[in-house]
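Biologist: Before we talk, please put the structure up. I would like to go through one helix and then the ligand site.

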Amino acid sequence: MNYKRDTICVQGGYRPKSGESRIPPIVQSTTFFYESTQGMADLFDLKADGYFYTRLANPTVAAFEGKVAELEGGVAALGCASGMSAILLLAMTVCEEGDTIVSSSAIYGGSFNLFSVTLPKFGIKTRFFDPDASSEDIEKLIDDKTKMIFTETVANPSIKIIDFERIAAIAKKYGILFVDDNTLATPILCRPFEWGANVVVHSSSKYLDGHAAALGGVIVDGGNFNFKGNKRYPSFNTPDESYHGLVYADLPSAQFATKCRAQMMRDTGAIMSPQNAFLSWLGCDTLALRMERHSYNAAKAAAYLEKHPKIDWVLHASLPNNKYHALAKKYMPQGTGGMLSFGIKGDVKDAAKFMESLQLITQETHVADVRSCILHPASTTHRQLSKEELVAAGVPENLIRLSVGIENPDDILADIEQALAKI
Ligand SMILES: *Cc1c(COP(=O)(O)O)cnc(C)c1O
């Protein structure tokens with residue numbers, strides 16, 4: 001059935017049979033019982049669906065995976081221990097030593113670090129592009145070893161919005177997998193598969209959980225990339241000896257997700273815990289309502305800040321003069337989410353004084369949950385970046401990142417007002 005997204009939020013991922021619990025039980029078990037040897041053997045050979053060990057799959061995790069896959073309109077999903085483990089796993093699924101990734105530079109600090117520092121130690125290099133760069137300049141970064149193009153729908157924390165159709169055209173031209181991190185938009189505000197992305201990744205620690213309760217990540221396979229015969233991906237087109245010669249490109253569907261689970265979940269153990277899957281599943285119940293309120297509150301705060309004499313600049317795609325306003329209207333017509341950033345007039349000391357004067361809005365590394373919080377990235381999440389890298393990532397030194405929660409907007413604005421009055 002083709003339900004709308006707000007319906008999927010509350011009904012997706014889990015349908016109980018008669019007499020079963022209405023919401024998914026937390027299946028807190030490492031292992032599963034089988035009567036016959038053959039039953040177990042078929043699971044190991046990927047001939048049958050089922051559970052045998054929670055490092056590979058678990059029913060509670062599957063309920064969460066199902067809900068997110070339905071919300072995104074994908075064919076399969078994998079619940080991971082964190083957003084970072086999800087991004088690592090997806091890179092490992094397509095890349096080997098000597099391969100390259102072409103990535104937007106406007107991405108989360110942790111992803112930037114993984115691509116620029118850690119993966120090169122394993123012989124995987126990333127070339128970065130500014131999302132505003134011309135298509136020709138982006139194409140120049142591609143070589144025959146390029147295994148994925150990576151972007152963020154709404155970049156954390158620069159709030160740049162990706163032009164999906166342009167990136168998808170490049171990926172298609174070269175037969176490269178297009179992967180998008182949809183964490184800050186969520187499938188409520190944007191569905192990247194509808195715009196040509198092939199794999200979507202989330203830090204579910206943010207809006208999907210929504211309550212700052214459970215760390216997690218999720219990879220969604222759009223099922224719209226055929227690896228069969230694509231010379232760029234020999235690892236999908238040659239037999240996997242660790243799975244009795246299975247050729248992933250021969251699978252009718254979920255080629256990416258199957259390889260990711262069979263090889264990378266098995267070898268890394270970076271699966272989401274059943275407890276966190278339960279909390280994340282539950283969080284998604286209210287996702288549609290929350291994203292509407294986050295977007296409304298943030299647009300209101302952005303409009304207020306923009307008029308304030310002590311504020312230098314404000315970035316939120318809801319503002320008509322924002323560089324990404326037109327892209328936001330096209331890709332996120334229902335709202336642009338709760339994240340905004342702004343610069344205070346004055347120096348770093350004024351910024352600190354402002355932040356410390358806030359009473360309702362708290363200083364946190366976290367973003368994108370129900371409570372409003374604020375952060376100075378240059379001194380925290382992005383402190384490992386050089387001055388040049390900060391500029392490339394769209395994070396000037398005076399940038400303050402505000403994650404607008406779902407409190408009453410009047411209380412949020414009053415808190416900002418009284419803190420600005422102190423500087
Ligand atoms: C937080 C975040 C991540 C990393 O996720 P964790 O769950 O913290 O590991 C990745 N991408 C984006 C856009 C994020 O905001």
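Modeller: This is a predicted model. To start with α3, its buried residues are T60, V61, A63, F64, E65, K67, V68, A69, L71 and E72.

Biologist: Is α3 largely enclosed or largely open, and how many of its residues are buried?

Modeller: Buried here means under 20% relative accessible area. Because 10 of the 14 residues of α3 are buried, the rest of the structure largely encloses this helix. The number of buried residues is 10.

Biologist: What span should helix α3 have, and how far apart are its end C-alpha atoms?

Modeller: Helix α3 covers residues 59–72, which is 14 residues. At 1.5 Å a residue they should span 20 Å, so the helix agrees with the distance between its end C-alpha atoms, 20 Å.

Biologist: Which residue has a side-chain oxygen close to the backbone nitrogen of T60 at the start of α3?

Modeller: The backbone nitrogen of T60 has a side-chain oxygen within 2.8 Å. At the other end, just after α3, G73 takes a positive phi of about 80°. The residue at the start that supplies the oxygen is N58.

Biologist: Which residue places a polar side-chain atom 2.7 Å from a nitrogen atom of the ligand?

Modeller: The shell has 13 residues, and the closest are G83, D181, S203, S205 and K206. A polar backbone atom of G83 is 2.8 Å from a ligand oxygen, and a polar side-chain atom of N156 lies 3.0 Å from a ligand oxygen. The ligand nitrogen is instead contacted by D181.

Biologist: How much of the ligand's accessible area does the protein cover?

Modeller: On its own, the ligand has 380 Å² of accessible area. The share covered by the protein is 93%.

Technical notes:
Residues numbered from 1 in each chain as written. Predicted model: local features only at pLDDT ≥ 70, side-chain atom pairs only at ≥ 80, totals over all residues. Heavy atoms only, no water. Near = heavy atom within 4 Å. Polar contact = N/O pair within 3.5 Å; in protein donor to acceptor, adjacent residues only side chain to side chain. Areas by Shrake-Rupley, 256 points an atom, 1.4 Å probe, with all protein chains shown as cover. Helix = DSSP H or I, 4+ residues; strand = E, 2+ residues; numbered from the N terminus. Expected span 1.5 Å × (residues − 1). Buried < 20%, exposed > 50% of the residue type's maximum accessible area, 1.4 Å probe, protein only.
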